[in-house]
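Student: I would like to work through this structure step by step, with each answer reasoned out before its value or name is given. Could we begin with how the chains meet?

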Amino acid sequence: MLNWLKSIWNSLWRVGWPRDERASVKAMLSSLLLHLHPPKIRPESLKFRATWAAGLVSLVLALQLTVTGIYLMFYYIPHPDAAWRSMKDLAFVVPLGTLTRNAHRWAAHAMVAIVTVHMLRVYMASGYKGSRQANWVAGVALWFLTLALSFTGYLLPWDQLAYWAVTVGSNMAAAVPLVGDHFRQLILGDRSVGESALLRFYVLHCVALPAILFLIVGFHLFRVRKDGGLVVSEHAPGGGRGDEGHKLVPAWPHLVYRELIVTLVVTATLLALALWLQAPLEAEADPSRTPNPAKAPWYFLGVQELAHYSAFWGGVFVPAATLLGLALLPYLDTHAEGVGRYLPKERRIAQALFAALLLFMAVTTVVGTLFRGPAWALMWWPK
Amino acid sequence: MDEHSSDRRNFLGKLGGAALVALSAEAAWASLRFARAPVSYGPSQRRNLGHLDRFVSSRVYVGDAGLFVGRDSKGLSAMSATCTHLGCTVREAAEGGFVCPCHGSTYDEHGHVTGGPAPRDLSHVRLLRDVRGNLIADLSQTVPGEARLQVG
């Protein structure tokens, strides 16, 4: 009997718990999840400074969002008559409903921030050059999908915040010349934010966008493996071409254990945040009354700040140009210098340009978040 | 393989490629067309604002239609409360006129832009009267600001 159970267990894993280097390589190659990793890895790549763990944290957050999102879907009803009330049910009736919603909300906010940090780090290390050009574009697509998931998810609670943030956002789309109004009606399925928009956003948020996201994540990880892991400076030992003569360490346990620790830390932090901070829920959406001020979530407040000057230039042109610029970056900057180092002398100008872009985004976001009061008037003391 | 058979393969390959491109274009068009179906369960564009007796003061706000109904010596007019910048609902400003809470666009009492990012004046919509004496607004038809519905 015991042997029979053991045979079932072994049929799942095929390779036992690895006890030496040879067995660990075998384990890495024979398991679906583990074979996403290289069997052996450069010790430098394991250091925190090599990655800031940003890609892994983004992936862990995406998985947390999937799990908490599925839980929320059991109670959430995507209809204007019921959506807000189902949020109240989650808050007051469903056991751990508040915790689940809080975790989903804070993981979403964190993912926007961490994916941006990931992009910053890869930029600094020139991780978009050579064979990695297309993978950078995939990364930009993932960044955009993260924002699109946030935007579609933002409408679902159907409170005042949600309704007006999406009204403002979809009217920015209408500022696109010629096709703008068609584009807006394509997103909303109607003339204004209502039943059709809520259903469309729900389907995009829960099915279409996550499916596309995880497909691209698969491509993204595959390409990282095929490109030989992290970019390596030509000055590093064994750097440049190949790993000849350089000591590699087995990914099991060195990489896998570190990943587990990061996963645990992210999960514990998220749980602490979800216990500590409550996700806001304002009054039910009221199309006849706009709250004052009406603000989007913080990561869109930079765009809202720009849109306050001009709906087209601030709300459409600058975001679209930024996205296009980021996507084309690896095909415009093809110099091979300074790869694999964070602040190389050879890339002063490129680094300064990117820093300027980030600073611009940060300043507009901070101004929009903290220094804009009722009727979007400047106020010097943040409330 | 002789010369002709390789030509034929080449041709068929190109034909297949062209068919794939055509299929993709058709699928993209079909998807867009599907998503833009003329079905809407939103409220009707023609709104009953209530009996005419309701509109005796110089300005009444009808929230669910998003309209300010004004009355002067010439008759009734209906001005949209939807800001022309990004679609928030404007409110009456303390100092007269209207202000948008989203990005601070300001309008005078006739809906002309006086400040902020709004690109156009507030629009006016057509007013009608039904047989029971109710005021009807047709949100799909804009009219000049001077247009009035004459009332007794």
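Tutor: Before we start, two residues are taken to be in contact if their C-beta atoms, placed from the backbone, lie within 7 Å. Please also keep in mind throughout that this is a predicted model.

Student: How many residues of chain B are in contact with chain A?

Tutor: By that criterion, the partner surface on chain A comprises 29 residues. The side of chain B that touches chain A divides by class into nine nonpolar, nine polar and two charged residues. The number of chain B residues in contact with chain A is 20.

Student: Which helix gives the largest share of the largest nonpolar core?

Tutor: The largest nonpolar core has 104 residues, and those with the most contacts inside it include Leu61(A), Ala107(A), Met111(A) and, from the other chain, Leu67(B). Apart from it lies another core, of six residues, with Met28(A), Ala251(A), Trp252(A) and Leu255(A) among them. In the largest core, the largest share amounts to 12 residues, and it comes from residues 97-124 of chain A, that is, from helix α6.

Student: Which residues of chain B does Val168(A) touch?

Tutor: Val168(A) is one of the residues with the most contacts inside the largest nonpolar core. Leaving aside residues up to four places away in sequence, Val168(A) touches Ala294(A), Ala296(A) and Gln304(A) within chain A. On the chain B side, the residues touched are Leu86(B), Gly87(B), Cys88(B) and Cys102(B).

Student: Is α7(A) roughly parallel or roughly antiparallel to α10(A)?

Tutor: The axes of helix α7 (residues 133-155) and helix α10 (residues 195-226) of chain A come within 9 Å and cross at roughly 160°. The contact between α7(A) and α10(A) involves 18 nonpolar, six polar and one charged residues, and the crossing is left-handed. Because angles over 145 degrees fall in that class, the crossing angle makes α7(A) relative to α10(A) roughly antiparallel.

Student: How is α8(A) oriented relative to α9(A)?

Tutor: These two helices pack with their axes 7 Å apart, at an angle of about 140°. In their contact, Ser170(A), Asn171(A) and Ala173(A) of α8(A) meet residues of α9(A) including Phe183(A), Arg184(A) and Ile187(A). Since that angle is not over 145 degrees and lies outside the other named ranges, the orientation of α8(A) to α9(A) is oblique.

Student: How many residues of helix α12 of chain A are buried?

Tutor: Helix α12 spans residues 298-307 of chain A and is mostly covered. The cover over its buried residues includes α8 (160-173), α13 (311-332) and α14 (348-370) of chain A. The buried residues include Phe300(A), Gln304(A) and Glu305(A), and of the 10 residues in the helix the number buried is eight.

Student: Which peptide bond is cis, with omega near 5°?

Tutor: The bond leads into a proline, Pro253(A), that is found in helix α11 (residues 251-276) of chain A. The residue before this proline, Trp252(A), belongs to the six-residue core. The cis peptide bond is the one from Trp252(A) to Pro253(A).

Student: Is Leu96(A), which has a positive phi, exposed or buried?

Tutor: Leu96(A) lies in the loop between α5 (83-92) and α6 of chain A, and its phi is about 65° although it is not a glycine. A residue counts as exposed if 12 or fewer other C-beta atoms lie within 10 Å of its own. Leu96(A) has 12 such neighbours, and therefore counts as exposed.

How values were computed: Residues numbered from 1 in each chain as written. Chains lettered and ligands numbered in written order. Predicted model: local features only at pLDDT ≥ 70, side-chain atom pairs only at ≥ 80, totals over all residues. Nonpolar A, V, L, I, M, F, W, Y, C, P; charged D, E, K, R; others polar. Core = buried A, V, L, I, M, F, W, Y, C linked by C-beta atoms within 7 Å. Buried ≥ 20, exposed ≤ 12 C-beta atoms within 10 Å, placed from the backbone. Helix = DSSP H or I, 4+ residues; strand = E, 2+ residues; numbered from the N terminus. Axes fitted to C-alpha atoms, helices over the stretch in contact; angles between N-to-C directions. Parallel < 35°, antiparallel > 145°, perpendicular 65-115°, else oblique. Left-handed = near helix turned anticlockwise from the far one by under 90°.
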